[in-house]
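Open the model in your viewer and keep the selection panel handy. We will go from stop to stop, with something to pick at each one.

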Amino acid sequence: MFNPFVNKAKKNLEKITYESSSANILHDETEFVVNEAYKAMRTNIMFSFHEKEGCKTIICTSAMPGEGKTTTCINMAISFAQAGNRVLIIDGDLRKPKVGSYLDIEQAEGISDYLGGFVKEYNSIIKHVEDKSIDCIMSGSIPPNPAELLGSNGMENLLSKLSENYDYIFIDAPPVNVVTDAVVTARFCSGAVVVVRENNTTHDMLKNALGIIKFADIKILGLVVNGSEIKAGGKYSYNKKSYGYAYGYGYGYGYGYGYEGVKKRKSEEKIKKQEQSNKENK
């Protein structure tokens with residue numbers, strides 16, 4: 001099936017020199033600005049759940065491939081664990097799983113094997129990542145029916161069982177403009193974080209993705225803007241490309257505007273264009 005978003009994304013990806021990998025996962029030598037960006041993201045998400053008790057399940061997705069959602073999802077999980085929370089990350093991308101390789105974990109039985117009935121005890125698929133202080137469930141064998149497994153009663157029951165042992169569960173899910181996996185999984189989640197990439201994700205791609213999520217009545221916790229230009233400002237001065245996230249003085253982490261924010265921005269752009277046109281016609 002022809003998908004204009006996929007074709008556009010492929011062209012944009014050819015221009016990207018940044019490559020997500022285990023090197024971009026938070027560690028002891030991670031730059032201050034990146035750590036602070038994730039702390040800001042963590043604080044905003046925690047405040048959005050201030051009235052919700054118990055475990056919070058957060059799905060991380062994107063409009064298209066190559067926008068950094070896996071790196072973002074893992075780093076969010078690590079950041080929450082650094083704050084003393086019990087954290088689990090699930091590789092919910094059953095088509096192109098990456099969480100294991102980013103965390104340097106050997107591929108093993110995972111969530112697809114459990115949901116498919118090949119593994120009886122869910123505890124047996126939980127791996128502890130000692131140096132990150134988080135637990136992880138791998139994707140497992142690549143199944144022929146990912147969406148059906150992720151949207152099943154078995155998935156809902158599994159998340160319910162897991163929620164008894166964790167404060168936060170993060171799920172890395174496929175892009176919403178490509179497959180339905182993220183949307184069917186998000187029905188069992190507390191909210192969604194959407195990752196976009198500067199100079200790659202178009203307004204149409206983002207609008208379509210947010211529209212799909214909103215139509216499914218899923219709470220959007222915020223957007224993460226990847227690949228932003230770090231600019232000088234405040235007490236600190238930086239001038240280089242970042243894989244991080246604009247926060248505060250242009251640090252590379254953009255948070256907090258959802259579908260309504262996109263509409264407002266497009267409306268403001270339209271008004272500016274009209275004003276410019278009026279000036280030129282005078």
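Begin by selecting Tyr38, Lys39, Met41, Arg42, Ile45 and Met46 in H2, and then Thr71, Thr72, Asn75, Met76, Ser79, Phe80 and Gln82 in H3: these two sets of residues meet each other. Coloured by class, this contact of H2 with H3 shows 6 nonpolar, 5 polar and 2 charged residues. Bear in mind as you look around that the model is predicted.

Now show the two helices whole, residues 32-48 for H2 and residues 69-82 for H3. How are H2 and H3 oriented to each other? Their packing angle is about 75 degrees, and their axes are 9 Å apart. An angle from 65 to 115 degrees counts as roughly perpendicular, so H2 and H3 are roughly perpendicular to each other.

**Serine 79, on the H3 side**

Stay in helix H3 and select serine 79. Is serine 79 buried or exposed? With a relative accessible area of 1%, serine 79 is buried. Leaving aside neighbours within four places in sequence, its contacts are Leu26, Tyr38, Lys39 and Arg42. For a distance to try in the viewer, pick the C-alpha atoms of serine 79 and alanine 40: they are 9.9 Å apart in space, while the two residues are 39 apart in sequence.

**Asparagine 35, on the H2 side**

Next, go to asparagine 35 in helix H2. Which residues does asparagine 35 touch, not counting those up to four places away in sequence? They are Leu26 and Thr30. Turn on side chains here, and you will find a polar atom of the asparagine 35 side chain 3.4 Å from the backbone oxygen of threonine 30. Leu26 is also on the contact list of serine 79, so keep it displayed while you compare the two stops.

**Helix H7 and its buried side**

Select residues 153-162, which form helix H7, and highlight Met155, Leu158, Leu159 and Leu162, its buried residues. Looking down the axis, you will see that they cover an arc of only 95 degrees, which puts them on the same side of H7. An α-helix has 3.6 residues a turn, so residues three or four places apart point the same way.

**Lysine 127 in strand E3**

For a stop in a strand, choose lysine 127, found in E3 (residues 126-129). Lysine 127 counts as partly exposed, at 28% relative accessibility. Beyond its neighbours within four places in sequence, lysine 127 is in contact with Ala108, Ile134, Asp135 and Cys136. Glycine 110 is another residue to display: it is 17 residues from lysine 127 in sequence, and their C-alpha atoms are 9.6 Å apart.

**Two loop residues with positive phi**

Move to the loop between helix H4 (99-102) and helix H5 (111-115), and select aspartate 104. Its phi is near 60 degrees, a positive value in a residue other than glycine. Aspartate 104 is exposed, with a relative accessible area of 64%.

Then pick asparagine 199, in the loop between strand E6 (191-197) and helix H9 (203-215). Here too phi is positive in a residue other than glycine, at near 65 degrees. Asparagine 199 counts as exposed at 64% relative accessibility.

**Zoom out**

Finish with the whole protein in view: 10 helices and 7 strands. Of its 282 residues, 51% are buried. Among contacts with a separation of 6 or more, 77% are between residues 24 or more positions apart.

Notes. Residues numbered from 1 in each chain as written. Predicted model: local features only at pLDDT ≥ 70, side-chain atom pairs only at ≥ 80, totals over all residues. Heavy atoms only, no water. Axes fitted to C-alpha atoms, helices over the stretch in contact; angles between N-to-C directions. Helix = DSSP H or I, 4+ residues; strand = E, 2+ residues; numbered from the N terminus. Parallel < 35°, antiparallel > 145°, perpendicular 65-115°, else oblique. Contact = heavy atoms within 4.5 Å. Nonpolar A, V, L, I, M, F, W, Y, C, P; charged D, E, K, R; others polar. Buried < 20%, exposed > 50% of the residue type's maximum accessible area, 1.4 Å probe, protein only. Arc of directions from axis to C-beta. Polar contact = N/O pair within 3.5 Å; in protein donor to acceptor, adjacent residues only side chain to side chain.
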